[in-house]
Amino acid sequence: MADDSEAFQARLAELAGKPSGDPERARDPVNPAMIRHWCDAIDDRNPVYTDPEFAAHSVHGGLVAPPAMLQVWTMRGLRPPARPQQRPDVQGQLMRLLDGAGFTSVVATDCQQEYRRYLRPGDDLSVETTIESISPEKRTALGVGHFVTQRMSYRDQRGEEVATMLFRILKFKPGTGRAAAASPEAAVAASPRAVRRPRPAITRDNAFFWEGLAEGKLLIQRCRCGRLRHPPGPACPHCHSLHWDTEVASGRGRVYSWVVAHHPAIPPFEYPNPIALVELEEGTRIVANLVGVAPDAIREGMPVVCEIAEVEPGFHVPRFRPAREQGRP
Amino acid sequence: MSAARTTTLRFDAVSVGDELPSLEVPITATAIVAGALATRDFQDVHHDRDLAIARGSKDIFMNILTTNGYVGRFVSDWAGPDAMLHKIEIRLGAPNYPGDTMRMSGRVVEKRDGRVRVELEGSNSLGNHVVGSVELWLPEGRA
């Protein structure tokens with residue numbers, strides 16, 4: 001069985017990094033009728049989308065399409081025309097492979113769009129899709145499945161990239177989730193709340209740290225020789241003394257290093273999940289989440305300040321936010 | 001119902017921590033089907049109740065492209081017509097079923113070099129339907 005699943009995973013892995021197939025050409029150029037239809041559906045009254053007079057005097061100098069319509073232009077529609085394909089249909093192969101292994105249900109989980117420019121009536125788009133990654137088998141609240149992450153590059157009639165998109169779906173086995181009776185999306189949504197965070201193993205050496213957090217204090221272990229150390233341990237790495245007490249940290253520090261976790265998305269954590277190694281002004285370093293900052297705005301040396309969060313009733317963890325936000329409401 | 005905003009917020013007039021005016025979106029079958037068709041999404045779970053139930057859902061539900069549209073609208077309703085959206089990033093959660101209401105709320109979490117980032121969520125009776133962030137450019141200077 002293990003061999004089977006390894007072979008299956010290897011077949012999936014072969015498809016990652018490849019173009020999904022031929023670029024998909026939009027069936028219609030960007031046009032006012034589809035824009036009006038969309039604005040009606042969303043009840044979006046922004047006049048730059050539908051009022052030529054207003055749009056002419058706006059920053060755009062004319063009508064533009066709502067940026068969130070990006071994906072609409074290259075949707076295949078109800079009866080897509082058959083087109084001879086030049087490239088292998090990797091997307092089709094991947095879906096058949098997953099369907100054949102029982103991962104027949106699909107749910108979209110993420111969509112990230114970045115726009116280079118606003119689209120205008122007459123723009124003629126095509127989209128090129130790459131299968132960026134296929135996760136190993138994951139047990140989600142929805143069921144056992146694989147996350148498939150695709151990256152799309154949208155180009156206009158001049159071949160210039162106008163937007164990019166990351167689109168992630170979960171292909172899963174129906175009926176294998178904890179919330180199988182509920183709808184797929186409900187289970188995805190419920191999972192962060194339903195699943196508890198992993199708890200630390202509390203020992204005689206580290207109990208002070210967690211008890212300190214519960215009292216609103218970030219404590220650092222201090223050896224009798226005066227040196228501070230973290231993470232907690234029984235003996236001083238310098239003088240080997242087993243005698244220690246604690247010092248209350250100021251909570252101020254700087255980002256020494258960091259990572260932003262994207263995959264695997266493990267409930268109940270939220271992703272992207274920035275995790276920093278913070279050097280406290282007392283000199284010790286501590287691993288904790290960063291909040292209140294965009295992942296791409298994190299910088300080495302960024303001043304941060306600790307806050308203690310009760311992430312679940314009775315469970316407190318330290319986390320850090322940019323110091324400049326201190327004192328804001 | 002939203003009135004069309006004809007003026008645009010200036011970068012200087014926005015502060016980190018500002019809350020966006022909340023938006024309540026009634027989730028009707030018509031809203032779901034209109035959104036699906038306006039986004040050319042003909043997956044049956046977005047318009048055919050019988051097939052949606054047969055697939056294990058309790059009803060038809062809103063497609064991700066429509067949700068993306070509401071997220072864009074929520075931010076541009078607040079910012080005004082000369083704001084330029086740069087990024088929309090969303091993650092879906094609890095489905096939007098007919099008969100529910102999606103309440104959208106958001107706040108400015110970052111501003112730098114003319115660009116503002118808003119974090120937002122749209123929740124319904126089941127929990128968060130969508131969480132996400134939008135980055136946009138606002139005109140410099142004062143209105």
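These are my notebook entries on a predicted model of two chains, A and B.

**Entry 1: ground rules and confidence**

Before looking anything up, I noted that residues are numbered from 1 along each chain as its sequence is written, and that chains are lettered from A and ligands numbered from 1 in the order in which they are written. Since the model is predicted, I kept in mind that local features need pLDDT of at least 70, that side-chain atom pairs count only at pLDDT 80 or more, and that totals for chains, interfaces and linings use all residues.

I then looked up the confidence values: the predictor assigns the complex an ipTM of 0.96 and a pTM of 0.68. For chain B the mean pLDDT (the predictor's confidence in each residue, from 0 to 100) is 93, and 95% of the residues of chain B reach 70 or more. I remind myself that where pLDDT is low, the predicted coordinates should not be read in detail.

**Entry 2: the two chains**

I counted elements as DSSP runs numbered from the N terminus, with helices being H or I of at least four residues and strands being E of at least two. On that basis chain A holds 7 helices and 14 strands, while chain B has 3 helices and 5 strands, the elements of chain B following the order β-α-α-α-β-β-β-β from the N terminus.

For burial I took C-beta atoms placed from the backbone, and called a residue buried if 20 or more other C-beta atoms lie within 10 Å of its own, exposed if 12 or fewer, and partly exposed in between. In chain A, 29% of the 329 residues count as buried, and in chain B 48% of the 143 residues do.

Two residues are in contact if their C-beta atoms, placed from the backbone, lie within 7 Å. Of the contacts in chain A with a separation of 6 or more, 63% are between residues 24 or more positions apart; in chain B, among contacts between residues at least 6 apart in sequence, 69% join residues at least 24 apart.

**Entry 3: where the chains meet**

I next asked how many residues of chain B are in contact with chain A. The lookup returned 46 residues of chain B, in contact with 42 residues of chain A. On chain B, the elements that each supply at least two residues of the side touching chain A are α1 (29–38), α3 (64–79), β2 (84–92), β3 (100–112) and β5 (127–137). I sorted the residues of that side into 21 nonpolar, 15 polar and 10 charged, with Ala, Val, Leu, Ile, Met, Phe, Trp, Tyr, Cys and Pro as nonpolar, Asp, Glu, Lys and Arg as charged, and the others, Gly among them, as polar.

**Entry 4: strand β2 of chain A**

Two strands pair if DSSP finds at least two bridges between them. Strand β2 (residues 105–115) of chain A is joined to β2(B) by 5 bridges, the two running antiparallel. Within this pairing I found Gln112(A) opposite Glu89(B), and Lys87(B) as the bridge partner of Glu114(A).

Inside its own chain, β2(A) pairs with strand β6 (residues 161–172) in the antiparallel sense over 10 bridges, and there Val107(A) stands opposite Leu170(A). I also noted that β2(A) is largely enclosed by the rest of the structure, because 8 of its 11 residues are buried.

**Entry 5: a sheet of 3 strands in chain A**

I traced an open sheet with the order β8-β7-β9, its pairing antiparallel. Its edge strands, β8 (228–229) and β9 (244–248), each pair on one side only. Strand β7 (residues 219–223) and β9(A) share 5 bridges in the antiparallel sense, and in this pair Gln221(A) has Thr246(A) as its bridge partner.

**Entry 6: backbone details**

The peptide bond from His230(A) to Pro231(A) is cis, with omega near 0°, and Pro231(A) lies in the loop between β8 and β9 of chain A. A cis bond also runs from Tyr271(A) to Pro272(A), with omega near -5°, Pro272(A) being in the loop between β10 (252–261) and β11 (273–280).

I then checked phi in two residues, neither of them a glycine. Asp43(A), in the loop between α2 (32–42) and α3 (47–50) of chain A, has a positive phi near 55° and counts as partly exposed, with 17 C-beta neighbours inside 10 Å. Arg40(B), in the loop between α1 and α2 (49–54) of chain B, has a positive phi of about 55°.

Is Arg40(B) buried or exposed? Arg40(B) is buried, because 20 other C-beta atoms lie within 10 Å.
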